[in-house]
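I open a fresh page for this one. Confidence comes before anything else.

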Amino acid sequence: TFKSRRGLPQKRRIRDVQKVVAVSSAKGGVGKSTIAVNLALALARRGIRTGILDTDIFGPSIPTLLNLHGEPRLDSNNCLIPLTNYGLKSMSMGYLLPQASSSPPSDTELTTSSPPPMDTTPISWRGLMVTKAMQQLLHSVSWGPLDILILDLPPGTGDVQLTIGQEIILDGAVIVSTPQDIALRDAVRGFGMFQKMDVPVLGMVQNMAFFACPNCGHETKIFSHSHSHVHDAEGGVVAQCQRLGIEFLGDIPLDARVCEDADRGMPTVVAEEGDQNSVRRQAFISIA
Ligand code: ADP
């Protein structure tokens, strides 16, 4: 295991942060960031001091989701001061790169607002720069006292995820999956990765398993092949959880409102705050 290997950097706690929970998915586009930000907001709404760290260097989505685009300032220790909206503190590579860019940041780009140059960096340097940028995000943010920090991991089970697991102590991981066979198979790999890193898997969230028709309210299952109801333990994420012996944390319906809320930078947990009957909002709240 990673624990017993020698020569690896010592895992550290993030300063002032009680618990760090990673939200992960083995595949892109399954709704990981949407769920991570809504869960973080649900916790913040309960008075829990919460932050969210977007560790997706190449495709940061937290700035859009939280409608935050300013450039973070540095405190007297040269640590980045998080940007806050809806009572949730956040940090993302998206705040540090003024333009959408697929190139990893250099040291200077982390603190200046000049547009990133065209990427002519040799491949062998890119890995180093990504590691450097990641270390700054993990260790040089002045969160202040937080009860929980949600980590929005990049999709997949690659080097970046391993680096994070080696750099900091993760108190738990939540895996997001759709009920699609392929996504589920990949989710098992994600589970294996956290096991290797000695990170407890808190459970799995199933996204987009059913579509709630806005007109008639009928629920249609989208991906599943069987005709059992989504809450039955016969298919999808529920069955996978049983096989792996982890908790099924709940379902988020496929709903255009969830997407619209995300796109306009006011996630569902905030957008539908006053609506006690919102199934969408309630789904996030109960998982959090
Ligand atoms: P990931 O982080 O896994 O790449 P995102 O959270 O960026 O995925 O979601 C991908 C797209 O799907 C976004 O446009 C988002 O608004 C949309 N989306 C996510 N979950 C839902 C849902 N439950 N209902 C409708 N749209 C969703």
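I looked up the weak stretches. Residues 226–234 keep a pLDDT under 50. For residues 226–234 I noted 13 contacts beyond four places in sequence in the model. This is a predicted model, and I read that stretch accordingly.

Next I pulled the overall scores. The protein's pLDDT averages 85. I noted that 82% of the residues score at least 70. Residues 111–116, however, have a pLDDT below 50. That stretch has 10 contacts in the model beyond near neighbours in sequence. For the complex, the predictor gives an ipTM of 0.99. Its pTM for the complex is 0.86.

I turned to the ligand. How many residues surround the ligand? I found 18, the closest being Gly31, Lys32, Ser33, Thr34 and Cys259. Four elements give two or more residues each to the shell: helix H1 (32–45), strand E7 (201–212), strand E9 (248–254) and helix H9 (256–263). I sorted the shell by class. Eight of its residues are nonpolar, eight are polar and two are charged.

Then the interior. The largest nonpolar core holds 74 residues. Which residues have the most contacts inside the core? I have Ala40, Leu149 and Ile150 down for that. H1 supplies the largest share of this core, with nine residues. So H1 goes down twice in my notes: it also gives two or more residues to the ligand shell.

Last, I followed Ile150 outward. Leaving aside neighbours within four places in sequence, Ile150 is in contact with Val21, Val23, Ala36, Leu39, Ala40, Thr50 and Ile52.

Key:
Residues numbered from 1 in each chain as written. Predicted model: local features only at pLDDT ≥ 70, side-chain atom pairs only at ≥ 80, totals over all residues. Near = placed C-beta within 6 Å. Nonpolar A, V, L, I, M, F, W, Y, C, P; charged D, E, K, R; others polar. pLDDT = per-residue confidence, 0-100. Contact = placed C-beta atoms within 7 Å. Core = buried A, V, L, I, M, F, W, Y, C linked by C-beta atoms within 7 Å. Buried ≥ 20, exposed ≤ 12 C-beta atoms within 10 Å, placed from the backbone.
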